[in-house]
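Welcome! Please take a moment to look over the sequence and the model, and then read on for a short guided tour.

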Amino acid sequence: SELIGELTENSFVNLSFIKEDNNFISVSGITQVIKSKAMLIKLWESRYETWIQDGLDNPDIALLKVSLVRAEHWKHNTMLNSIRQLFTPGVSAVNNVHESIEPDESS
């Protein structure tokens, strides 16, 4: 597919997630396209059939492995306060958390 072609040319990606409790996670890394039928079977769950037509028999199905380069986590006490922090220099909230994880350069 077009997406697989793009990932082959530039394998650096960012995945972002948000939960209703105002937790945000951003993960950056290098992707690897995996088309191993054995690995697909090992990781398959029936709930995926909702999104993947023909399930494991779909010839276009593939896995994307993301090797972590950097991860960040934010937890804000309210979404409105989060937006205010973005646009107001020096404003912070008591219960807000921002953590960043990066690989140790010495390893």
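## Starting at Phe12

Phe12 has a relative accessible area of 45%, so this residue counts as partly exposed. Keep in mind as you look around that the model is predicted. Phe12 lies in strand S1, which covers residues 12-18.

Which residues share a nonpolar surface patch with Phe12? The partners are Ile30 and Val69, and together the three residues make a patch of about 240 Å². Ile30 has a second link to Phe12, since it is the bridge partner of Phe12 in strand S2.

## How the strands pair

Let us follow the strands from here. Strand S1 pairs with strand S2 (residues 23-34) in the antiparallel sense, and seven bridges hold the pairing. The two strands form a hairpin with four residues between them, and in this hairpin Asn22 takes a positive phi near 65°.

Strand S2 also pairs with strand S3: the two run antiparallel and are joined by twelve bridges. If you would like one pair of residues to find in the model, try Ile25, whose bridge partner in S3 is His73.

## The whole protein

Now step back to see the full picture. How many helices and strands does the protein have? There are three helices and four strands, and along the sequence they follow the pattern α-β-β-α-β-α-β.

The protein has 107 residues, and 21% of them count as buried. Its accessible surface comes to about 8400 Å², with 57% of that belonging to carbon and sulfur atoms. Contacts also reach across the sequence: among those between residues at least 6 apart, 59% join residues at least 24 apart.

## Leu56 in its loop

Next, find Leu56, which sits in the loop between helix H2 (37-43) and strand S3 (63-75). Is Leu56 buried or exposed? The answer falls in between, because a relative accessibility of 22% makes Leu56 partly exposed; the cut-off for buried is under 20%.

Which residues does Leu56 touch, leaving aside its neighbours within four places in sequence? Leu56 is in contact with Lys37, Leu40, Ile41 and Trp44. Take Leu40 from that list: Leu40 and Leu56 are 16 residues apart in sequence, while their C-alpha atoms are 7.4 Å apart in space.

## Two salt bridges

The tour ends with charged side chains. The structure holds two salt bridges. One of them joins the side chains of Glu45 and Arg47, with a distance of 2.7 Å from N to O. Glu45 is partly exposed because its relative accessible area is 36%, whereas Arg47, at 52%, counts as exposed.

Glu72 and Arg70 also form a salt bridge, and here the closest N and O atoms are 3.2 Å apart. Why does Glu72 count as buried? Its relative accessibility is 16%, and buried means under 20%. Its partner Arg70 has a relative accessible area of 28%, so Arg70 is partly exposed.

Technical notes: Residues are numbered from 1 along each chain as its sequence is written. This is a predicted model: local features need pLDDT of at least 70, side-chain atom pairs count only at pLDDT 80 or more; totals for chains, interfaces and linings use all residues. Side-chain values use heavy atoms; hydrogens and water are left out. Buried means under 20% relative accessible area, exposed over 50%, partly exposed in between (1.4 Å probe, protein chains only). Contact means heavy atoms within 4.5 Å. Patches are made of residues with over 30% relative accessible area and no salt bridge: like charges are joined within 9 Å, nonpolar side chains (Val, Leu, Ile, Met, Phe, Trp, Tyr) within 5 Å. Accessible areas come from the Shrake-Rupley method with a 1.4 Å probe; for residues, only the protein chains shown count as cover. A salt bridge is a side-chain nitrogen of Lys or Arg within 4 Å of a carboxyl oxygen of Asp or Glu. Two strands pair if DSSP finds at least two bridges between them.
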